[in-house]
Amino acid sequence: MIRQALALAYKDLQLEAGKKKLFTSLLFLSFTLIFLASLVSAKIPSSKPEMATLTLWLILVFLLFQTLNRSLAMEDEAGCWDALFLCPISPRVIFLGKFIYNVLLVSIVELITFPFIILFFNLPLVMIQILLPALLASVGFVAVGLLVSLFSLKSRGRELLSNVVSLPIFLPALFMGLSMTVDMAKGAGMLDVWKQLLFLFLYDVFFLAFSYIGFEANYMD
């Protein structure tokens, strides 16, 4: 199962590497957001740590909204969705493959753009620790986003519908993660925010399991 899921994720990564349209647009808009936020923080230098953490989470949400919808939609638009039914693989493999692809894509963009957050907001290198909660939260966000995208795949305005439905589910972890990273930006260590990290971990476990089961149950609808 894992080998098949990795093969499916590799196929999607190859397609993206060939076109580079989505990846390029994600990087460009992420850099634009960083630049604009840094201009605002320059007016209030004391707010740079808070603005940097807010920018990090805004980029994460933006990446999720852009990538999750396209992940399943591109199969449907290319006429490959029905072909997946004929493949000797289970819906769980498809979910895991799409999950791995999206987590990798989001993580790569975050890792590329984060040094520029450090640079534009003039932050110390120790601030790299705020990247951990964002990467941790992205696991749960991708899992639940894929399930919502499956439900809205055949709907009109599926991208808007998927975003509207996903956002309320993201909010608890989003608020917790943002609050935690602000504390870390002000000097708190990992031991000071272990409860919030545990919450994000449990959030990931719950929604990963829920989406894994729900995807298989609703794949044929």
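## Close-up views of a predicted all-helix chain

**View 1. Asn-122 and its loop.** Asn-122 is exposed, with a relative accessibility of 62%; exposed means over 50% relative accessible area, buried under 20%, and partly exposed in between (1.4 Å probe, protein chains only). The model is predicted: local features need pLDDT of at least 70, side-chain atom pairs count only at pLDDT 80 or more, and totals for chains, interfaces and linings use all residues. Residues are numbered from 1 along each chain as its sequence is written, and side-chain values use heavy atoms, with hydrogens and water left out. Asn-122 sits in the loop that runs between helix 5 (91-120) and helix 6 (131-151). Its phi is positive, about 55 degrees, although the residue is not a glycine. Most residues other than glycine have a negative phi.

**View 2. The whole chain, for orientation.** The protein chain contains eight helices and zero strands, in the order α-α-α-α-α-α-α-α from the N terminus. Helices (H or I, at least four residues) and strands (E, at least two) are DSSP runs, numbered from the N terminus. Of its 221 residues, 47% are buried. Contact means heavy atoms within 4.5 Å; among contacts with a separation of 6 or more, 84% join residues 24 or more positions apart. The chain exposes about 11200 Å², of which carbon and sulfur atoms supply 73%. These areas come from the Shrake-Rupley method with a 1.4 Å probe, and for residues only the protein chains shown count as cover.

**View 3. Phe-62 and Ser-30 in contact.** Phe-62 belongs to helix 3 (residues 48-77) and Ser-30 to helix 2 (residues 21-43). Ser-30 is buried at 1% relative accessible area, whereas Phe-62 is partly exposed at 21%. Leaving out residues up to four places away in sequence, Phe-62 touches Leu-26, Leu-29 and Ser-30. With the same residues left out, Ser-30 touches Ile-59, Phe-62, Leu-63, Val-109 and Thr-113. Phe-62 and Leu-29 are 33 residues apart in sequence, and their C-alpha atoms are 9.0 Å apart.

**View 4. Helix 6.** Helix 6 has 21 residues and spans 30 Å from its first C-alpha to its last, close to the expected 30 Å. The expected span is 1.5 Å times one less than the number of residues. Because 16 of its 21 residues are buried, helix 6 is largely enclosed by the rest of the structure.

**View 5. Aromatic rings of helix 8.** Rings of Phe, Tyr and Trp (its six-membered ring) pair if their centres lie within 6.5 Å; planes under 30 degrees apart count as stacked, over 60 as edge-to-face and the rest as tilted. This rule gives eleven aromatic pairs. Phe-199 and Tyr-203 form a tilted pair, 6.5 Å centre to centre with 35 degrees between the planes. Both are in helix 8 (residues 194-218), four residues apart, and so are separated by about one helical turn. Phe-199 is partly exposed at 30% relative accessibility, and Tyr-203 is buried at 6%. Phe-206 and Phe-210 form a stacked pair, with centres 6.1 Å apart and planes at 10 degrees. They too lie four residues apart in helix 8, about one turn; Phe-210 is partly exposed at 46%.

**View 6. The ring cluster.** Ring pairs link Phe-65, Phe-141, Phe-170, Phe-199, Tyr-203, Phe-206, Phe-207 and Phe-210 into a cluster.
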